[in-house]
Amino acid sequence: MKNDNVIQVQDLTKKFGDFTAVNAISFEVGRGEIFGFLGANGAGKTTAIKMLIGISLPSSGEAQVAGYDVHTKAEAIKRNIGYMSQKFALYDDLTVKENITFFGGIYGLSKVRIKEKSDRLIEELGLETVANSLVGSLPLGWKQKLAFSVAMLHDPKIVFLDEPTGGVDPITRRQFWEMIYKAANSGTTIFVTTHYMDEAEYCDRVSIMVDGKIEAIDTPKKLKAQFKVDSMNDVFLKLARNIE
């Protein structure tokens, strides 16, 4: 990969029969960058992320993630990234400790390393009193913060977060973003999809997808200046109206 980019995408496309879910998107993401992948529900964000994390083969186009080709090195990509989905990230019928141990094993960590990571993670999140409780019994906000920490367990180069703050309260969302900043400051690239336009303000750069295409990409400040508006939500609305 050129320069310090850990994700490079060129004309990436995904079709399902006659329907084009992702239409020739192109972009780059640098190391330690918080990159927002924005758009309304159904815009193609999740389909795109599935191609980038190696669980869906592109119909056409090229992409490299953490130095590996999405067409030929899907398993290598999976070993070098973390992934957190709003719909599934942890096993509700396992305890906090059991989830950490299970995912640590999947990521190939040694038993000693898993024990060290588990103890530190539980302490940092303040979960000592519920470490042996089933994850299904925890409040959603605690689950989300634990899921993010588990996705970071193996010190991946890139963490993909697919709608990570859906359904949580504003305070928890702010705490979650503090965790994201800490990870990015340590050099981890954060690739986050969201339909909350206010969260775009927290990103270094954002792209906005509409109907499978990236219609705008830049820093929040430059996008607001370009569209002559005061918020990213207004950018999205103005962009959508222009396309219509």
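Here is a short walk through this protein chain, from its overall build to its inner packing. Keep in mind as you look that the model is predicted.

Start with the overall build. The protein chain contains eight helices and 10 strands. Its radius of gyration is 18 Å, close to the 18 Å that the globule rule gives for 244 residues, so the chain is as compact as a globular protein of that length. If you draw a box along the principal axes, the C-alpha atoms fill roughly 50 × 40 × 35 Å.

Now look at how the chain folds back on itself. Among contacts with a separation of 6 or more, 66% join residues that lie 24 or more positions apart. Of the 244 residues, 52% count as buried.

What does the inside look like? The largest nonpolar core has 48 residues, and Leu146, Phe148, Leu161 and Ile190 have the most contacts inside it. Helix 6, residues 170-185, supplies the largest share of this core, with six residues. Try finding Leu161 in the structure: leaving aside residues up to four places away in sequence, Leu161 touches Ile49, Met84, Phe148, Phe176, Ile180, Ile190, Phe191, Val192 and Thr193. There is also a second, separate core of 26 residues, which includes Ile7, Ile25, Ala66 and Phe191.

Finally, turn to the surface and the charges. The accessible surface of the protein chain comes to about 11,900 Å², and carbon and sulfur atoms account for 49% of that area. The chain carries 30 positive and 31 negative charges, and the mean positions of these two sets are 2 Å apart.

Technical notes:
Residues numbered from 1 in each chain as written. Predicted model: local features only at pLDDT ≥ 70, side-chain atom pairs only at ≥ 80, totals over all residues. Heavy atoms only, no water. Helix = DSSP H or I, 4+ residues; strand = E, 2+ residues; numbered from the N terminus. Rg over C-alpha atoms; globule rule 2.2 N^0.38 Å. Buried < 20%, exposed > 50% of the residue type's maximum accessible area, 1.4 Å probe, protein only. Contact = heavy atoms within 4.5 Å. Areas by Shrake-Rupley, 256 points an atom, 1.4 Å probe, with all protein chains shown as cover. Lys, Arg positive; Asp, Glu negative; His and termini not counted. Charge placed at Lys NZ, Arg CZ, Asp CG, Glu CD. Core = buried A, V, L, I, M, F, W, Y, C linked by side-chain atoms within 4.5 Å.
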